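Visitor: Could you take me on a close look at the cysteines of this protein? I am new to this, so please explain the terms as we go.

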Amino acid sequence: MAAGSARIVRYLLFGFFGVMIVYFMSSSSIPRPPLPTTSNVPSWKGQETEKPPQASAGDVSAPPPMSVEKLAEKPSDTSSAAVSAPAVTIPKQANEHTSTSSHAASDTSDARANATFVTLARNSDLWEIVKSIRQVEDRFNRNYHYDWVFLNDKPFDATFKDVTTSLISGKTHYGEISHEHWSFPEYIDQDKARRVREDMAQRKIIYGDSISYRHMCRFESGFFFQHPLMKQFEWYWRVEPSIELYCDIGYDTFKYMRDHGKKYSFVLSLYEYVETIPTLWDSVKTFMKEHPEHLAEDNALEFLSDDNGETYNHCHFWSNFEIGNLDWLRSQAYVDFFDRLDKDGGFFYERWGDAPVHSIGAGLLLKKDEIHFFNDIAYYHVPFTHCPTGDQFRLDHKCHCNPKDNFDWKGYSCTSKFFEMSNMTKPVGWENQAD
């Protein structure tokens, strides 16, 4: 009996303590999470309609988005009114912002150079020129947003315009070359020109049998800077398909040219094929006799001739890269120079290239200190490479070129001659890159 009573007491005690535990838990001061209300449920509808954050004026990492409709707009460029065929200028409003690059930070809108890139290309060149565009934009123009002019002897198609526009941070302009600037002048003997091409083809002279290559050389020598789309600019940077820029360019090259009194520049120089220009220097000497007033004092004749102008040593700046002053090319001195050469017919009776024409023009009509060598622009155009001499420079500028490929100090390069003429000191380590 006593045992049964003890069990009852224990059960009562267990029950009492259980009731007390439940009581204390229900009266606890620990806050419980509130039930959802309209005030604390995320407003998904509001997130859908909210505009995405816009890039600030100095944010190059997050440019404002461009809609498909915006990209498709192609308002006409008023500057194209004088072009023989319709040309389109596509505004790049979404990219009109200031770079935060340390080199570009001090640039202001009124300090920008009046400059453009210029490319001669055909629609079929699209997938090669986009490689060049990416190189230029990534290494340089993403910080400066300069315009880009494309010229063609035929109209550009929509694909070419859309793709190139999407890659370029500045405004794009598309123009067609006039028939006058891409054809045989009336004074050229067509039969004679044909026989020359056939002979060069037999002798396997590069581009010797090409008509279009001759039109290109003549156009680049004397007409590209006269195109209506180019007349609004003072400076140009020529870019060709399939080039490479191996190093970051941390300053505005156009402003450098302007602020330091430079008119023409290069990165590679070499000797021209003798077979393509047998009488070019004869025409140059005729020009010098006819227009001595155009010859600059302290010019770069020493770069072009080893005997004070009697003969041409065939050195020239490789013009597939050049940054230059358009006002100089449009000057009476250069126009007279080109007209003399053009009338002699060597673009068609031989195979004069624009590289020796530009080089001779710069060498005679400019002071030698107005010609600049851009050692810090690492560049490739098949088959030659300019890779800056100097290990630390290449590291600092994120270069990816092989210094062993540098052409500057090879035997077929004329860059050593330019250094000697200009009394420039060759960079440390140049001997390791010589032949």
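Visitor: To begin with, is Cys 217 buried or exposed?

Guide: Happy to help! This is a predicted model, where local features need pLDDT of at least 70, side-chain atom pairs count only at pLDDT 80 or more, and totals for chains, interfaces and linings use all residues. Residues are numbered from 1 along each chain as its sequence is written, and side-chain values use heavy atoms, with hydrogens and water left out.

Cys 217 counts as buried, at 1% relative accessibility. Buried means under 20% relative accessible area, exposed means over 50%, and partly exposed lies in between (1.4 Å probe, protein chains only).

Now for the disulfides, meaning pairs of cysteine sulfur atoms within 2.5 Å. The count comes to three. Cys 247 is joined to Cys 399, with 1.9 Å from S to S, and with 120 degrees about the S-S bond this link is right-handed. The two are 152 residues apart and link distant parts of the chain. Both Cys 247 and Cys 399 are buried.

Next, Cys 315 pairs with Cys 414 at an S to S distance of 2.1 Å. This link is left-handed, with -85 degrees about the S-S bond. Cys 315 is buried at a relative accessible area of 0%, and Cys 414 is buried at 1%.

Finally, a disulfide joins Cys 387 to Cys 401, S to S 2.1 Å. The torsion about the S-S bond of Cys 387 and Cys 401 is about 75 degrees, so this disulfide is right-handed. Cys 387 and Cys 401 are 14 residues apart, and both are buried.

Counting bonded cysteines along the chain, the pattern is 1-4, 2-6, 3-5.

Technical notes: Helix = DSSP H or I, 4+ residues; strand = E, 2+ residues; numbered from the N terminus.
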